Amino acid sequence: MSALDSLYQQIILEQSKARHGADLANDQLQGQHLPPNVGQCHQLNPVCGDEITLRLETEDGGAGRTVSGIHWAGDGCAISMASASILSELVVGLGVEEVTGLIGNFRTLMRSRGKLEADEEILGDAAALSGVSKYPARVKCAMLAWVAAEDALNQIT
Amino acid sequence: MTVLSRQAGTHTLNEPLTDGEVLRIRNDFPILDQDVNGHPLVYLDSGATSQKPISVMEAEQEFYEQRNSAVHRGAHTLAVAATDVFEDARATVAAFIGAEGNELVWTQNATAGLNLIAYSFGNASVGAIPEQEKKFALTAGDEVLVTEMEHHANLIPWQELCRRTGATLRFIPVHDDGTLDMEAAATLLNERTKVFAFTHVSNVTGVINPVAELTSMAHAVGALVVLDACQSAPHLPLDVKALDVDFAVFSGHKMLGPTGIGGLYGRAELLDAMPPFLTGGSMITTVTMDQAQYLPAPQRFEAGTQSISQAVALAAAVNYLEETGMARIHDWEAALGQRLVSGLEAIEGIRVLGPASGIPRAGLASFEVAGVHAHDVGQYLDAAGIAVRVGHHCAQPLHRRLGLSASTRASAYLYNTRADVDAFLTAVAGVRGYFGVEVETTP
């Protein structure tokens with residue numbers, strides 16, 4: 001596999017077009033009057049203009065608070081859009097602390113400069129983004145949605 | 001002084017540049033002779049920063065090996081030698097843009113030059129304003145005019161100046177093809193306009209503005225003209241006197257020189273009347289505990305130790321450009337610009353920003369690839385050894401006006417060949433296929 005192909009794996013190209021979770025309506029972008037179980041965050045990468053507004057909804061399950069919905073609107077490169085799409089598929093149904101752990105795991109992988117092997121058991125499709133860590137200029141693209149999700153969660157917990 | 005290398009060979013300055021001569025020029029730029037990601041480097045990012053010929057690097061090294069010393073102070077032999085080459089460099093670079101030596105202020109780069117002007121105007125706008133500084137003073141009701149195609153460096157300093165003084169910032173819009181709306185310019189330039197700051201050449205669209213015409217319109221209403229020559233000084237014959245602008249700025253690193261050095265041109269009588277921005281050592285005559293008297297320009301704007309070796313090396317860069325011939329460089333790059341645009345126009349799914357092929361533009365082209373973000377385009381090209389710029393190129397308002405947030409830019413210089421352009425076009429033609437974007441069939 002060429003270096004470029006390891007960055008743009010087929011799953012990433014597919015996810016960048018699928019854009020799972022990209023259904024945040026225009027009138028929801030401001031994030032006004034959010035109930036206490038919902039958090040929302042806007043993130044911008046000023047270098048390339050990648051942009052995302054991401055909303056996380058949670059509910060009280062029997063065993064603690066879990067993520068019940070994720071919705072976003074954004075524009076950006078294949079890496080940032082695929083990353084948001086993959087994140088959206090991963091988090092629904094997970095406990096809030098599990099999501100925090102997942103974000104931490106993904107951040108460590110992205111900062112590894114290609115030295116860490118992704119754990120597919122934990123990261124699922126996000127493991128396909130591990131090639132990004134060899135391209136320091138693109139790490140921010142991959143992290144964009146995850147940083148937004150982290151901030152949205154912090155507003156709730 | 002050692003003889004600086006110059007391998008470009010002999011030529012007649014009247015004859016156009018040829019592929020053969022450009023290949024010889026490339027020998028003077030060692031960085032170009034390397035493989036990147038398994039492919040020969042195709043450097044098409046000179047709009048961001050240019051590469052440096054051996055003579056420039058040698059000039060800087062020679063300064064440190066033979067003459068390094070503080071300038072304009074000290075009586076020892078090295079100090080005199082350093083001062084001589086520093087001031088010779090000023091004369092060389094000033095002559096390159098058609099100015100006198102005392103009209104060229106060394107700055108860090110064009111951004112620093114524009115901030116120097118804006119902050120000096122700001123200093124002229126506060127407290128008791130001496131008669132000679134009144135032409136620079138801004139107050140509520142005054143207007144500063146820019147254009148919609150400005151680089152952030154020629155926009156934000158004016159936003160800040162207006163915020164501090166209460167003046168109003170206005171802008172001349174651009175047409176869909178990126179050219180300036182001259183009818184709007186005629187309306188927006190009025191008796192309230194105190195400053196008109198605009199770029200000579202757009203770093204995004206390659207549009208070349210009619211500087212002399214705009215300057216004449218501005219002077220007719222009494223406005224001072226500030227020209228951003230960042231994308232013109234390196235690429236075409238520039239004569240600030242013929243254009244009649246009041247101020248002009250440029251960056252050395254975009255014109256074969258080192259980073260950390262640039263120039264601010266100002267008409268002598270303006271520079272001598274303008275209050276300083278940075279104050280401190282080297283720019284004064286008499287200092288008491290209460291106040292200081294300032295040297296005339298250019299020293300009054302050069303507080304602290306300057307970028308001496310970089311100024312000397314910039315003069316070597318200017319010599320290199322003049323030996324090659326600015327008109328020949330401009331013609332060569334204009335042809336490369338047309339080759340870029342017509343080649344891009346022939347690729348399905350590509351939208352070129354700025355004028356269509358056949359209409360004059362600088363040797364650069366920014367474009368959008370339908371369905372593929374600029375960042376991904378740049379990554380794909382990098383894998384083929386092709387260096388381009390991606391993003392908003394420090395011109396967010398222009399991108400917004402043209403309906404996008406980011407674009408990809410290929411920008412050429414005197415060392416680029418037609419083969420460079422062709423390699424770039426071949427690679428661009430593969431982008432949409434690689435990213436699996438459907439090629440829409442025209443109905």
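**Exercise 1. Find the residues that form a salt bridge across the interface of chain B and chain A, and place them in it.**

Step 1. Apply the rule: a side-chain nitrogen of Lys or Arg within 4 Å of a carboxyl oxygen of Asp or Glu. Across this interface it finds 1 salt bridge.

Step 2. Name the pair. Asp376(B) bridges to Arg138(A), with the closest N and O atoms 3.0 Å apart.

Step 3. Locate the chain B side. Helix H12 (residues 374-383) of chain B gives the largest share of the side that touches chain A, 5 residues. Helices (H or I, at least four residues) and strands (E, at least two) are DSSP runs, numbered from the N terminus.

Step 4. Sort that side by type. It holds 5 nonpolar, 7 polar and 1 charged residues. Here Ala, Val, Leu, Ile, Met, Phe, Trp, Tyr, Cys and Pro count as nonpolar, Asp, Glu, Lys and Arg as charged, and the others, Gly among them, as polar.

This is a predicted model: local features need pLDDT of at least 70, side-chain atom pairs count only at pLDDT 80 or more, and totals for chains, interfaces and linings use all residues. Residues are numbered from 1 along each chain as written, chains are lettered from A and ligands numbered from 1 in written order, and side-chain values use heavy atoms, without hydrogens and water.

**Exercise 2. Size up the contact.**

Step 1. Count residues in contact (heavy atoms within 4.5 Å). Chain B brings 13 residues and chain A 20 residues.

Step 2. Take the buried area (accessible area, 1.4 Å probe, lost on putting two parts together, summed over both). The value is about 1,300 Å², and carbon and sulfur atoms give 54% of it.

Step 3. Pick out the main contributors in chain B. His375(B), Gln379(B) and Tyr434(B) lose the most area to chain A, together 43% of what that side buries.

**Exercise 3. Describe the second largest pocket.**

Step 1. Fix the term. On a 1 Å grid over the protein atoms alone, where a 1.4 Å probe fits, a pocket is an open set with protein on both sides within 12 Å along at least five of seven lines; lining residues have an atom within 4 Å of a point.

Step 2. Give the volume, the space filled by probe spheres set on grid points joined across faces, edges and corners. This pocket holds about 330 Å³.

Step 3. List the lining. Of 15 residues, Ala137(A), Arg138(A), His375(B), Gln379(B) and Val390(B) are closest to the centre. H12(B) supplies the largest share, 4 residues.

Step 4. Sort the lining: 8 nonpolar, 4 polar and 3 charged.
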